[in-house]
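Thanks for coming, everyone. I'd like to walk you through one model today, starting at the metal site and working outwards. Have a look at it first.

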Amino acid sequence: MNPIVPSRRDFLKGAAAAAAAGVVPMSLVKLAFADPAQDFTFAYISDAHIQHISGTKFVRNWDRGLIRAVAETNLLTPKPDFVMFGGDLGQLGMKEELDHGAEMLSKLRAPLHCVMGEHDYYLDLGEYWSKLFGPQHYSFDHKGVHFVVLNSILTHDEWTYNRWPSAQERMLQMAGLDNPNGSPFMVGEKQRAWLKADLDKVGKTTPLVVFSHSPLQKLYKGWNFWTDDAEEVQALLAPFEKANVVYGHVHQIQYNQIGNISFNAVMATAWPWPYPNSYAQAQHTMPVLTVPMNRADPFFERDATGWQFIDVHTGRVALKYNLYNNTARTVAWNPATGKPEDTVFQDPAKRVPPQVHY
Ligand SMILES: [Fe+2]
Ligand SMILES: [Fe+2]
């Protein structure tokens, strides 16, 4: 057995202990994973950024990225139980973009759940997106795991409602990665109250997976790899034995551990963002990344793009990254270190030597 991946037995031990302690989590009864048929995976596609040019013309590269992810997801055996789309389906929130993206996603042969991205939201504040995909935050239980979908890309009302002369201008300002006229993302008080009430009903040994678009941690404010109320949200997740956050937006493989919460980012199908080299030096890198990350090469135009499928049978997410132009890699919880780690390349001796770009 791969030593990185905890066995089902480890998980069952935890479940038995919880039952013995008289705490029967809401869905653990159905869960248990005692029956291998209960094992499941789901696929995760994110950040397609479908961009309208004119008429029926769209940016071809972004279209191809999403089409390929959908096609490959449909070929998975066993079939994923569901597919998450992690946000930024469109580029400028236009109906044309969202419709075109929705049509491509409609080819998926598995139920679809969607997360709101800022590129989907800031034109009409999510109105058309919600018509296509439904509520912007909600939770569901699947085979004993509690899943939560959040809209984490909200911001201050003043910025949203009063600052800009038009909806188009607002969208353009938020669409810029490093635009100082943008505004920090947040989950917001109202949604946090909903989240608290939702999580209050869930046993704390139930595996929890939260999907957001922005990282629910403060990584790099300059690029809005950031959620302003991250600490408040983390406080709600902290009581869970196995809390996982999976997010898009950063267009790169990232993983981190804060207390009990593991964080994993997914790749984009559109393009990779480079890794801000200031991650290591920036004063506002809060928290310090606790796991040295080993990434694909962002300078290769289509490298570090692709999609992923996720296994949650240990109660912790294990992300298998299917890179379009590079070796697939897996980031999974390592029970020995208590952190998510790359199952093959984490050891510095095993890394591909860094490539120098001039
Ligand atoms: Fe994005
Ligand atoms: Fe985004």
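**Two irons and what holds them**

So, right to the middle of things: the iron ion (ligand 1) and the iron ion (ligand 2) sit 3.4 Å apart, and Asp88 coordinates both. Before I go on, the small print: this is a predicted model, where local features need pLDDT of at least 70 and side-chain atom pairs count only at pLDDT 80 or more, while totals for chains, interfaces and linings use all residues. Residues are numbered from 1 along each chain as its sequence is written, chains are lettered from A and ligands numbered from 1 in the order in which they are written, and side-chain values use heavy atoms, with hydrogens and water left out.

Okay, which residues hold the iron ion (ligand 1)? Its protein donors are Asp47 (OD), His49 (NE2), Asp88 (OD) and His251 (NE2), at 2.0 to 2.3 Å. By donors I mean N, O and S atoms within 2.8 Å of the metal (3.2 Å for Na, K and Ca); water is not among the atoms, so sites may look incomplete. Along the chain, the spacing for the iron ion (ligand 1) reads D-x1-H-x38-D-x162-H. The 4 donor atoms subtend angles of 88 to 175°, which makes the arrangement irregular. For that label, four donors count as tetrahedral if all angles lie between 85 and 135 degrees; four count as square planar and six as octahedral if opposite donors are over 155 degrees apart and all others between 65 and 115; anything else is irregular.

Where do those donors come from? His49 is in the loop between strand 1 (41-45) and strand 2 (52-54), and Asp88 is in the loop between strand 4 (83-85) and helix 4 (95-105), so the pair ties together parts that are 39 residues apart in sequence. When I say helix or strand, I mean DSSP runs, numbered from the N terminus: helices are H or I with at least four residues, strands are E with at least two. His49 is buried at a relative accessible area of 1%, and Asp88 is buried at 1% too. Buried means under 20% relative accessible area, exposed is over 50% and partly exposed is in between (1.4 Å probe, protein chains only).

Now the other metal. The iron ion (ligand 2) takes Asp88 (OD), Glu118 (OE), Glu118 (OE), His213 (NE2) and His249 (ND1) as its protein donors, at 2.1 to 2.6 Å. Their spacing in sequence is D-x29-E-x94-H-x35-H. His213 lies in the loop between strand 8 and helix 10, and Asp88 in the one between strand 4 and helix 4, so this pair ties together parts that are 125 residues apart in sequence. His213 is buried as well, at 0% relative accessibility.

One more residue from that stretch: Asn224 is also in the loop between strand 8 and helix 10, and it counts as buried at 11%. Beyond its neighbours within four places in sequence, Asn224 is in contact with residues including Phe185 and the donor His249. Contact here means heavy atoms within 4.5 Å.

**The sheet and its helices**

Moving outwards, there's an open sheet of 6 strands in the order 6-7-8-9-11-10, with mixed pairing. Strand 6 (138-142) and strand 10 (255-258) stand at the edges with a single partner each, so one side of each has no neighbour in the sheet. Two strands pair if DSSP finds at least two bridges between them. Strand 9 (residues 243-247) and strand 11 (residues 261-265), for example, pair in the parallel sense over 5 bridges, with Ala243 bridging to Ile261.

Helix 10 (residues 230-237) packs on this sheet, touching strands 8, 9, 10 and 11, and its direction makes about 120° with that of strand 11. Axes are lines fitted to C-alpha atoms, for helices over the stretch in contact, and angles run from 0 to 180 degrees between N-to-C directions. Helix 9 (residues 189-200) lies across strands 6, 7 and 8, at about 170° to strand 7.

How do helix 9 and helix 10 sit relative to each other? Their axes come within 10 Å and cross at roughly 10°, and the two are therefore roughly parallel. On that scale, angles under 35 degrees are roughly parallel, over 145 roughly antiparallel, 65 to 115 roughly perpendicular and the rest oblique. Arg192, Leu195, Lys196 and Leu199 in helix 9 meet Glu232, Val233, Leu236 and Leu237 in helix 10.

**Back to strand 1**

Last stop is strand 1, where 5 of 5 residues are buried. Strand 1 pairs antiparallel with strand 12 (residues 306-311) over 4 bridges, and runs parallel to strand 4, joined by 3 bridges. Tyr44 has Gln308 as its partner in strand 12, and Ala43 stands opposite Val83 in strand 4.
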